[in-house]
Amino acid sequence: MHRRARSPEAKLQRAEDLLAAARVLAAESGGVRHLTLAAVTEAAGLHPSAVRRYFASKEELLLELAERGWEDWRDALAARLAGAHDLTPPQTAAAMSSTLAALPLFCDLLTHVPLSLEGDVDLDRARRYKTRSFAAYDAIVETLAATGTMQTDQLHDLIATALGLAANLWQLSHPTATLRELYAQEPRWAHAALDFEPRLTRLLQATATGLTV
């Protein structure tokens with residue numbers, strides 16, 4: 001049975017239901033590239049025509065998930081590094097890698113945000129995303145600087161590298177059904193479907209070491 005929100009509290013809950021449904025469907029289908037608003041609203045128990053009351057578009061819904069992903073990464077790093085001090089650059093990189101790997105939806109969305117999501121919403125929504133994501137970014141830099149031995153400018157470069165690597169390697173390590181079939185037929189190409197976290201960790205640690213030489 002489809003439900004309709006009758007109060008501000010109920011409307012907020014319906015929005016949360018849509019976000020939760022999108023998370024589940026993205027995990028089950030191999031990524032957000034396969035998501036449709038129709039599937040998300042059906043999974044959330046809402047009528048398809050009602051989704052516009054909560055999100056103006058699929059891009060807006062996914063941008064909300066990306067925005068929360070930044071805050072999840074901020075909180076995960078703060079928890080992972082609580083009480084730590086004088087971490088070496090490889091240790092800082094390992095903490096970044098492990099916390100990113102624990103947020104697969106965020107890694108997936110890192111590809112889509114600059115490609116389409118933040119450019120396909122209205123100005124106010126784009127401003128909100130930038131405001132909250134940059135606030136999370138600044139908190140991440142503060143946490144890494146306070147717990148490790150890397151300088152702030154080095155951390156900016158390391159985070160930029162982490163975001164680019166996580167976005168690319170996540171897509172490579174989660175191939176489509178077509179590519180999985182192709183790799184089964186051509187095993188020599190299967191190295192493209194690499195193991196995400198070990199490769200991300202090695203590359204980030206090498207980058208962190210290089211930045212501090």
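Buried means under 20% relative accessible area. At 7% relative accessibility, Trp70 therefore counts as buried. The views below come from a predicted model.

**View 1. Trp70 and Trp73 form a tilted ring pair in helix H3**. The ring centres of Trp70 and Trp73 lie 6.0 Å apart. Their planes stand at 50 degrees, so the pair counts as tilted. Both residues are buried. Trp70 and Trp73 sit three residues apart in H3 (residues 58-80), which means about one helical turn separates them.

**View 2. Trp70 of H3 meets Tyr137 of H6 edge-to-face**. Here the ring centres are 6.4 Å apart. The planes make 65 degrees, so this pair is edge-to-face. The pair ties together parts 67 residues apart in sequence, because Trp70 lies in helix H3 and Tyr137 in helix H6. Tyr137 is buried, with a relative accessible area of 16%.

**View 3. Ring pairs join four residues into a cluster**. The members are Trp70, Trp73, Phe106 and Tyr137. The structure holds four aromatic pairs.

**View 4. Helices H6 and H7 cross obliquely**. The axes of H6 (residues 123-147) and H7 (residues 152-172) come within 10 Å and cross at roughly 125 degrees. That angle makes H6 oblique to H7. The crossing is right-handed. On H6, the contact is made by Tyr137, Ile140, Val141, Leu144 and Ala145. On H7, Thr152, Leu155, His156 and Ile159 take part. The contact residues comprise seven nonpolar, two polar and no charged. Tyr137 thus appears both in this contact and in the ring cluster.

Terms used
Residues are numbered from 1 along each chain as its sequence is written. This is a predicted model: local features need pLDDT of at least 70, side-chain atom pairs count only at pLDDT 80 or more; totals for chains, interfaces and linings use all residues. Side-chain values use heavy atoms; hydrogens and water are left out. Axes are lines fitted to C-alpha atoms, for helices over the stretch in contact, and angles run from 0 to 180 degrees between N-to-C directions. Helices (H or I, at least four residues) and strands (E, at least two) are DSSP runs, numbered from the N terminus. Angles under 35 degrees count as roughly parallel, over 145 as roughly antiparallel, 65 to 115 as roughly perpendicular and the rest as oblique. A crossing is left-handed if the near helix is turned anticlockwise from the far one by less than a right angle, and right-handed if clockwise. Contact means heavy atoms within 4.5 Å. Ala, Val, Leu, Ile, Met, Phe, Trp, Tyr, Cys and Pro count as nonpolar, Asp, Glu, Lys and Arg as charged, and the others, Gly among them, as polar. Rings of Phe, Tyr and Trp (its six-membered ring) pair if their centres lie within 6.5 Å; planes under 30 degrees apart count as stacked, over 60 as edge-to-face and the rest as tilted. Buried means under 20% relative accessible area, exposed over 50%, partly exposed in between (1.4 Å probe, protein chains only).
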